[in-house]
Amino acid sequence: MRIPLVDLAAQQAEVADEVRAGLGEVFTTTAFIGGPAVGRFERAYAAAIGVEHCVGVANGTDALELALRAVGVGPGGEVVIPANTFIATAEAVSRIGAVPVLVDVDEEHLLIDPAAVRAALTARTEAIVPVHLFGQVAPMDELLKVAADAGVPLVEDAAQAQGARRGGQAAGSFGVAAGTSFYPGKNLGAAGDAGAVTTNDAGVARTVRVLSAHGSERKYEHERVGMNSRLDTVQAVVLEAKLRRLAAWNDARRAAAARYGMMLADVLGVRTPKVVPGNEDVWHLYVVQVDDRDRVLHELNKAGIGAGIHYPTPVHLTGAYAHLGYGAGSFPVAEAAAGRILSLPLHPHLTEAQQGVVVDALSGAVR
Ligand SMILES: *Cc1c(COP(=O)(O)O)cnc(C)c1O
C-alpha cells in the first residue's frame with residue numbers, strides 16, 4: 001500500500017463535475033483573463049476569512065511581494081521573517097531589493113518568536129512577516145503589539161493556513177495585509193499556481209491590483225512599474241469549487257490529526273505536534289520530531305509512505321541566503337528542529353487504516 005503525503009486525486013474527484021462545468025463556460029466564452037469566476041472567487045474568499053478585500057494573483061510568492069510593496073517596503077528596507085519557513089517568504093523580500101532579517105522560533109510550536117522579532121527591529125525595519133507555519137496562526141496577540149509599538153506594518157504569510165483561526169479570527173485577517181498561496185498541495189489548492197492578497201485596507205488592495213496588472217487600473221494608463229501577476233480564470237474555477245469544501249476538508253484534517261495524536265501517544269521517541277491554546281489548527285502538515293530523522297524518513301519512504309521534511313534547511317543556511325552572513329549557530333531552535341522534523345501523510349481523505357500503517361512503520365523505525 002502506497003500512502004502519499006497529499007492526495008490531490010481524491011480532492012479532484014470531489015469537485016470534478018463543478019470544475020468541468022465551470023471550465024466549459026470559460027472555454028466557451030473565452031474569458032481567459034479576469035473572467036467572472038475571478039471576481040466571484042475573490043469575493044467568496046474574502047468572505048470566508050472575514051476581510052474586505054481579496055486580490056487574486058499568480059502565486060503565493062507574488063502575493064507576498066505585492067503585499068509588501070503595497071504597505072511601503074522598498075529597496076534597502078528590512079523585513080523581519082522567521083528562519084524556518086519555505087524560502088518564498090525570503091524571496092518575496094529579496095525581489096523588492098529589501099533585506100530579509102531572520103529571527104528564531106519557539107521550541108514548542110516552531111512559530112516565529114515575538115521577543116526575537118522585537119529584538120531584531122531597527123530604524124530600517126519596514127515590515128514584519130509572521131508565517132502561520134504548518135497550519136496554525138502565529139502568536140498574533142504579541143506580534144500585533146510589537147508591530148504597533150514600533151509603528152511597523154505586519155504582513156502575514158498565510159500560505160499554510162487557509163481557514164486557520166485564533167480566538168475565532170482567521171489567518172490572513174490580522175495584519176495590514178496577508179499573502180497566501182493556492183499551490184496545489186496547500187489546504188486550498190488550485191490546479192497549478194495561484195495566490196491572493198487579503199486586506200481590510202482599500203488603498204492596499206488597490207495598489208496590489210494595480211501593481212499586479214502592469215501598473216495600470218485602466219488599460220494602457222500605466223501609473224507605476226508593475227508586473228503581470230493575475231489570478232488565472234481557469235484556476236479561479238477550481239478554487240471556487242474547492243473553497244466550498246475547505247471547511248469540511250479542514251475538519252477532516254483535524255480529525256486525522258487527532259487520530260495520530262492518540263495513536264502516537266504511547267510511542268516512545270516520537271514527539272507529536274501541539275496546538276497553541278486558543279488556536280484552531282488546520283494541519284497543513286503534521287510534523288513530528290524524532291532522533292535519527294534521516295534514517296527514519298528513509299525507512300518510511302522505503303515502506304511506501306510519503307513522509308517528507310518541511311524544511312530540511314533553514315533559510316540562512318541555504319546557498320541562496322549565505323550572503324546574509326548569519327552562519328550555523330545563529331538560530332539554534334530552527335537549526336535543531338531542521339534535523340528532527342518529519343512530516344507524516346496528512347490530508348482530508350486519509351483513512352484510519354492508512355494512519356495505522358504509518359504509525360506501525362514509524363513505531364518500528366524509531367525503536
Ligand atoms: C507555499 C508557500 C509560499 C509560496 O507560495 P507559491 O505559491 O509556491 O509561490 C510562501 N510561503 C509559505 C510559508 C509557503 O508554504
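Here are a few notes on the structure above, for someone meeting it fresh.

1. Before you start: this is a predicted model, with local features needing pLDDT of at least 70, side-chain atom pairs counted only at pLDDT 80 or more, and totals for chains, interfaces and linings using all residues. Residues are numbered from 1 along each chain as its sequence is written, and side-chain values use heavy atoms, leaving out hydrogens and water.

2. Have a look at the ligand. It has 15 residues around it, and the closest are G60, T61, D157, S181 and K186 (a residue counts if one of its heavy atoms lies within 4 Å).

3. Some polar contacts there (pairs of N or O atoms within 3.5 Å) are worth finding. A ligand oxygen sits 2.5 Å from a side-chain N or O atom of T61, and a ligand oxygen is 2.8 Å from a polar backbone atom of G60. On D157, a polar side-chain atom is 2.7 Å from a ligand nitrogen.

4. Next, helices α9 (residues 293-302) and α11 (residues 352-366), both DSSP runs of H or I with at least four residues. They pack at about 140°, axes 9 Å apart, with axes fitted to C-alpha atoms over the stretch in contact and angles running from 0 to 180 degrees between N-to-C directions.

5. R295, V296, E299 and L300 of α9 meet V358, A361, L362, A365 and V366 of α11, where contact means heavy atoms within 4.5 Å.

6. Two backbone oddities to check: the H310 to Y311 peptide bond is cis, with omega near 10°, and Y220, not a glycine, has a positive phi near 70°. Y311 is in the loop between α9 and α10 (332-338), while Y220 is in the one between α7 (202-212) and α8 (233-264).

Methods: Helices (H or I, at least four residues) and strands (E, at least two) are DSSP runs, numbered from the N terminus. A polar contact is a pair of N or O atoms within 3.5 Å; within protein, one must be able to donate a hydrogen and the other to accept it, and residues adjacent in sequence count only if both atoms are side-chain atoms.
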